[in-house]
Protein chains: 2
Amino acid sequence: MAVSVREVAAAASVSVGTVSNVLNRPEKVAPETVARVLAAIEELGFVRNDAARQLRAGRSRSIGLVVLDVRNPFFTDVARGAEDRAAEDGMTILLGNSDDNPDRERAYLDLFEEQRVHGVLISPRSDDLPRLERARSRGVPVVLVDREAPERSFSSVAVDDVVGGALAVRHLVESGRRRIAFVGGPSSIRQVADRLEGARRAAAETPGVTLEVVETSGTTVLEGRAAGEAIRDRAPEHRPDAIFCANDLLAVGVLQALIMLGDVRVPRDIALIGYDDIDFAQAAVVPLSSIRQPAWLIGYTAVDLLLREARDGADFVPEQVQFQPELVVRESTGH
Amino acid sequence: MAVSVREVAAAASVSVGTVSNVLNRPEKVAPETVARVLAAIEELGFVRNDAARQLRAGRSRSIGLVVLDVRNPFFTDVARGAEDRAAEDGMTILLGNSDDNPDRERAYLDLFEEQRVHGVLISPRSDDLPRLERARSRGVPVVLVDREAPERSFSSVAVDDVVGGALAVRHLVESGRRRIAFVGGPSSIRQVADRLEGARRAAAETPGVTLEVVETSGTTVLEGRAAGEAIRDRAPEHRPDAIFCANDLLAVGVLQALIMLGDVRVPRDIALIGYDDIDFAQAAVVPLSSIRQPAWLIGYTAVDLLLREARDGADFVPEQVQFQPELVVRESTGH
DNA sequence: TCTACGCTTTGAAACGATTCACGACGAACG
DNA sequence: CGTTCGTCGTGAATCGTTTCAAAGCGTAGA
């Protein structure tokens, strides 16, 4: 059924070694022989068996990537960056999404190990660092995405979320807002916690500024909408005059809730700022101010670090790359 | 470096065959031996090498899925359904997105063939059926997703888009609308063409109903927004009184464009209906009427067919499953 | 003529899990 | 006591590709 190098070799009257050379180092083979072998390949419809290749090579040509939520455009952008860098070295990205569930996260790590992936990129939900340590001790490079490792034990690519949170709130304060609400959760997600921390610090810088926390159970549009409705339904004097959301999906939800009633105007009554600057942010009903993270670049850089670690082996020193978040001002916070 | 069955066997003082049996048919092995082998596995940190397994087995335990656009929630839902069904048989989904690009589509097919996937699910962008025929002739089951095969040559899972398009327009007509615009494109995408065809037929049913086509170059929010702006900027008497969009992303974009100016109200001035009924539709500023497709079920069913085809081999008869689209009425078309 | 060298090609070994025909051992039975 | 049967365990062969030491061959220089 399946055509193997052996049959190609027979058809082209060469040895299997030569067929392999044609496939992998054609410059080492006489042009005429190359032509003959390629003809045989075409003729027989030969397709390389990747499993055998991997077995021989000892590891696969893939890199595992575990993200918190595929539905979030931020992560698909990260994935795209990773894919692009991987493609430069002829590698593939295996995408798994944990849905913020530690069990799924572990299942993907197991799967990736069985596949002998070149390495793993992960934005870990939990602090299951021992599990990651174990993977690395087996020679699988691990790079943390969008999260820094304690004690610099792992390479990581991250954006300083504390600074980002501070940027957002400082911007709101400078636009004259005083009663600020932070919408986000659960706080077990590190990114959420850090952004809140930054918000707290920025709020503390200016006397008279208050920061209220509206905790959500997740980071989707629907949860944002629920939070927004709760705020909208308050008496006007109890509403904040600005809202900082832990990500853009939440902000879109909040925006919908506020605008749908019609008596809360953005940014006039309440200013709104999100986080991630996904494509959708600028296309929202009221274009959304946001904190931009270089999503594509994060993925690209993470794979870059990973490949370097894979190449250098044991004497590789973990490296932490940190990008700076950037404020993007649009209509939702008034120009 | 890597721990193999051989070493586990040595550590547990059994043969490699027994280790394999413990892994795959524990009931055939004496309980005490099982315990000893498991202990050795734990002790040495043994992890199965999937490549070797696949090589022996002849094919991998994965199924390839090529979608047109990962950013579209409709496709991530399909993928989720596929993943769930695959997991029931201990299989994995390999996700590739073609971005509506025939080259990328082909690249993924090649990759999947090298991986010796169990089968391929694809919502083909092009009519490159010969390529798919070839794959199947090599024993790789192919199931078309969201698209029916001419001459029933392939199994497929689809929703009748012509009916769906007709449903949408009939609903608009019944709500009293007469000057209808279809927003969508490019028409090379079969789904788009079919929905338009359905719209045409429905419009023809009622005298006095006109159908205008506003062609877009893609199916994203941004392209919808551009189309919406073009319509919004017309003199009111030249605007349609209803818009049917080829999918919800486009509809969201159109909605933003119409509402942002403020002098076009939805549904009062223009009724709006989308397609797919993604989560976002009901969360839109004006909750969006839409044509629902059972995305999760489509993915689930497709894998089911695929596995059946893989099991039955050559004497499997292609099977076409067709779901019926369903009208979901919300605020954007007036209750 | 012989040696040396470069260019090509060869073919067996290796990767690691699985399979399967076969052997070892005890118990049950006649 | 000998035979049969069932339970467990064995280990060589296998999957298809890559690698690498070695060999074949023709040419140029001594």
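**Figure 1. Residues 3-57 of chain A, a helical segment without strand.** In this predicted model, residues 3-57 of chain A are 71% helix and 0% strand. The end C-alpha atoms of this stretch are 21 Å apart. UniProt, in an unreviewed entry, places the feature "domain: HTH lacI-type" at these residues. A:Ser13 sits in the loop between helix 1 and helix 2 of chain A. Its phi is near 55°, a positive value in a residue other than glycine. Most residues other than glycine have a negative phi.

**Figure 2. The protein surface near DNA strand C.** DNA strand C is surrounded by 23 residues. The closest are A:Thr33, B:Val5, B:Arg25, B:Arg53 and B:Arg56. Of the atoms of DNA strand C that come within 4 Å of the protein, sugar and phosphate make up 67%. Helix 2 (16-24) and helix 4 (50-57) of chain A each give at least two residues to this surface, as do helix 2 (16-24) and helix 4 (50-57) of chain B. Helix 4 of chain B supplies the largest share, four residues. By class, the surface near DNA strand C holds nine nonpolar, nine polar and five charged residues.

**Figure 3. Polar contacts from chain B to DNA strand C.** B:Val5 uses its backbone: an N or O atom there lies 2.5 Å from a phosphate oxygen of DNA strand C. B:Arg53 uses its side chain, with a polar atom 2.7 Å from a phosphate oxygen of DNA strand C. Where does the side chain of B:Arg56 meet DNA strand C? A polar side-chain atom of B:Arg56 lies 2.6 Å from a base oxygen.

**Figure 4. The protein surface near DNA strand D.** Around DNA strand D there are 23 residues. A:Val5, A:Arg25, A:Arg56, B:Thr18 and B:Thr33 come nearest. Sugar or phosphate accounts for 69% of the strand D atoms within 4 Å of the protein, and bases for the rest. A backbone N or O atom of A:Val5 lies 2.5 Å from a phosphate oxygen of DNA strand D. A:Arg48 places a polar side-chain atom 3.4 Å from a phosphate oxygen of this strand. From chain B, a polar backbone atom of B:Ala30 is 3.1 Å from a phosphate oxygen of DNA strand D. Helix 1 (5-12), helix 2 and helix 4 of chain A, with helix 2 and helix 4 of chain B, give two or more residues to this surface. The surface near DNA strand D has eight nonpolar, nine polar and six charged residues.

**Figure 5. The interface of chain A and chain B.** Here 42 residues of chain A are in contact with 43 residues of chain B. The two chains bury about 3900 Å² between them, 52% of it on carbon and sulfur atoms. In chain A, A:Arg71, A:Glu114 and A:Val285 lose the most area to chain B. Together they make up 16% of what that side buries. Across the interface, 16 residue pairs are in polar contact. On the chain A side, the elements giving two or more residues are helix 4, helix 5 (73-88), strand 2 (92-97), helix 6 (102-114), helix 10 (221-232), helix 11 (248-261) and helix 12 (279-282). That side has 18 nonpolar, ten polar and 14 charged residues.

**Figure 6. Salt bridges between chain A and chain B.** Side chains of opposite charge can pair when their charged atoms come close. The count is 54 salt bridges over all chains. Eight salt bridges cross the interface of chain A and chain B. B:Glu83 pairs with A:Arg104, their closest N and O atoms being 3.7 Å apart. B:Asp279 and A:Arg71 meet in a salt bridge at 3.3 Å, N to O. B:Asp279 lies in helix 12 (residues 279-282) of chain B and A:Arg71 in the loop between strand 1 (62-67) and helix 5 of chain A, so this pair joins two chains.

**Figure 7. Cis peptide bonds at A:Pro267 and B:Pro267.** Most peptide bonds are trans. The bond from A:Val266 to A:Pro267 is cis, with omega near 5°. A:Pro267 lies in the loop between helix 11 and strand 9 (271-273) of chain A. In chain B, a cis peptide bond joins B:Val266 and B:Pro267, with omega about 5°. B:Pro267 lies in the loop between helix 11 (248-261) and strand 9 (271-273) of chain B.

Technical notes: Residues numbered from 1 in each chain as written. Chains lettered and ligands numbered in written order. Predicted model: local features only at pLDDT ≥ 70, side-chain atom pairs only at ≥ 80, totals over all residues. Heavy atoms only, no water. Near = heavy atom within 4 Å. Polar contact = N/O pair within 3.5 Å; in protein donor to acceptor, adjacent residues only side chain to side chain. Nonpolar A, V, L, I, M, F, W, Y, C, P; charged D, E, K, R; others polar. Contact = heavy atoms within 4.5 Å. Buried area = accessible area lost by both parts, 1.4 Å probe. Salt bridge = Lys/Arg side-chain N within 4 Å of Asp/Glu carboxyl O. UniProt positions renumbered as here; feature names shortened; annotations may be inferred.
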